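Work through the exercises below with the sequence and the predicted model at hand. Each task is followed by a solution in steps.

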Amino acid sequence: METGKLRSNRMNIVVNRPDNSCDVAIVGAGPYGLAAAAHLRAVNVSVRVFGEAMSFWRRHMPSGMKLRSPWIATHIADPLGRYRLDDYFGETGLPLPELLPVENFIGYGTWFQDQVAPDLDTRTVVRVTPRDGGFRIVLEDGENVFARRVVMATGLLHHEHRPAQFDGLPRSLVSHSCEHTDSAQFRGRRVAVIGRGQSACESAALLHEAGADVEIICHGHLVWNADPGTRGALRKGLRSLLGNALIPPSQVGPFPFNWLVEAPALIRHLSDGARDRLNEHCLHPTAILWLRPRLQDIPRHEGTGIIEAQRDGDRIVLKVDGNSRRVDHVLLATGYRISVDKMDILDPRLRSRIARHADSPVLSGEFESSVEGLHFIGASAVASFGPLLRFIAGAGFAARRIARAVRDRSHSSRGFADSHFDLLAQEAPALVDAERDRP
């Protein structure tokens, strides 16, 4: 938990209009949504931000997790660089950690939000629908907001991948790694972790340390990120000659592609096929090297595929390459796959108009989709801009692009949406009731 006294150091922000309209509505208050708010307000754009600050990190990341991103790539971007991790740790009096605990990062994000978006609206957005000249934002309590533009910064939630072998099995027996924060609930139980990336390896380590009987099952082999033992002679020679000059700030992907990752504007101009290959190569499942000692007592079954998974009472039977294993729980650390069809918050009329590549929205250089005024940032932008947008380090690039676009293209007046509100007020109760009843 954070200790110490925080001083108020809020940026000067534009006060939102007193009516229910704004230039830009940001849906999501994680690192990307908060960075976008900071940059938009810095260019005098009227913004409303919806969502609980750092909610994905707070509710869907395991307690005890350490961030794998380097310190320099974990600051949430603001236009003047005033709210960096160093500033937060300096104000709280917390010692600088060698590895950043997720609890500290959540505290930092919440502090950042207090500086740049103290008026955060924590109500849930239940629907975004098209309206003439913009969008209607329907909130959980029936209130409506009209925005000329919407920035979707909703992250990875609801995009978790569940392999087909586990279809139909209850979440009490088979769950995704993002569905748990407390590993202690599995103490004394036999758990199979499926996957071979950072999430799988760290989940297995935390479960083992919490007293669970854990094994890792993966169809490929574990690959350790930045493992000196896997470097070729040429790279070793360059490393000894140039030292850390070979290491890009974000450290996303293997050398030399990690330097290309730092240029998302360039990546966007690659062909779809080339961009797909780069994303696959740089986002290939790997685990950070400092996890390896924590897995030494955990059985690993690498290069084995799960043929079938069946429920057996209150347990799960896994058929793995001709053998059967009976476990109490299966934890799927199988990553995420972005799909526009899973974005239920968007009205079907909007979703049907979004051009896609590999289920992700196709975006302009300003992160705008084929629906005018509808922008996507974060993981939803990886298919268009490359691997950096999957990490905190990409938030600054996205926020700058959107702020510049809105500043240059917005010519709204104070009362631009007034004519819509009587109609919105009439429609709101029925729409909200329909949303609550939706399966």
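**Exercise 1. Describe the contacts and overall make-up of the protein chain.**

Step 1. Take the contacts in the protein chain with a separation of 6 or more: residues 24 or more positions apart account for 68% of them.

Step 2. Count the secondary structure elements: the chain has 13 helices and 18 strands.

Step 3. Assess burial: of the 439 residues in the protein chain, 52% are buried.

**Exercise 2. Determine whether G30 is buried or exposed, and place it in the chain.**

Step 1. Locate the residue: G30 sits in the loop that runs between β1 (21-27) and α1 (31-42).

Step 2. Apply the cut-off, under which buried means under 20% relative accessible area. The relative accessibility of G30 is 17%, so G30 counts as buried.

Step 3. Relate G30 to a distant part of the sequence: its C-alpha atom and that of I392 are separated by 9.5 Å, although the two residues are 362 apart along the chain.

**Exercise 3. Find which residues touch the most other members of the largest nonpolar core, and examine W57.**

Step 1. The largest nonpolar core has 86 residues, and those touching the most other members are I26, W57, L346 and F367.

Step 2. Leave aside the neighbours of W57 within four places in sequence; W57 is then in contact with P31, M65, L67, V102, F105, I106 and I392.

Step 3. Another core, of 21 residues, lies apart from the largest one; V193, L222, L295 and L331 are among its members.

Step 4. Return to W57 for its aromatic surroundings: W57 belongs to one aromatic cluster together with W71, Y83, Y88, F89, F105, Y108, W111 and F112.

**Exercise 4. Classify the aromatic pair of F367 and F397, and state what it ties together.**

Step 1. Search the whole structure for aromatic pairs: there are 14.

Step 2. For F367 and F397, the centres are 5.8 Å apart and the planes make an angle of 65 degrees. Angles over 60 degrees count as edge-to-face, and this pair is edge-to-face.

Step 3. F367 belongs to the loop between β17 (360-361) and β18 (374-376), and F397 to helix α12 (residues 395-409), so the pair ties together parts 30 residues apart in sequence.

Step 4. Check burial: F367 and F397 are both buried.

**Exercise 5. Show how the buried residues of helix α9 are arranged.**

Step 1. List them: R275, L278, N279 and C282 are buried in α9 (residues 272-282).

Step 2. Look down the axis of α9: the buried residues fall within an arc of 100 degrees, so they line one face of the helix.

Step 3. Turn to the other side of α9, where R277 and E280 are exposed.

Step 4. Identify the packing partners: the buried residues of α9 pack against α7 (257-261), α8 (264-267) and α11 (382-385).

**Exercise 6. Compare the strand pairing of β13 with β14 and of β7 with β8.**

Step 1. Set out the open sheet: its three strands have the order β12-β13-β14, with antiparallel pairing. The edge strands, each pairing on one side only, are β12 (306-312) and β14 (323-327). From one strand to the next, the twist averages 20 degrees.

Step 2. β13 (residues 315-320) pairs with β14 over five bridges in the antiparallel sense, and I316 has V327 in β14 as its bridge partner.

Step 3. β7 (residues 190-194) pairs with β8 over five bridges in the parallel sense. R190 is opposite D213 in β8.

Step 4. Consider how β8 (residues 213-218) is covered: five of its six residues are buried.

How values were computed. Residues numbered from 1 in each chain as written. Predicted model: local features only at pLDDT ≥ 70, side-chain atom pairs only at ≥ 80, totals over all residues. Heavy atoms only, no water. Phe/Tyr/Trp six-rings, centres within 6.5 Å; stacked < 30°, edge-to-face > 60°. Helix = DSSP H or I, 4+ residues; strand = E, 2+ residues; numbered from the N terminus. Buried < 20%, exposed > 50% of the residue type's maximum accessible area, 1.4 Å probe, protein only. Arc of directions from axis to C-beta. Contact = heavy atoms within 4.5 Å. Core = buried A, V, L, I, M, F, W, Y, C linked by side-chain atoms within 4.5 Å. Pairing = 2+ DSSP bridges. Axes fitted to C-alpha atoms, helices over the stretch in contact; angles between N-to-C directions.
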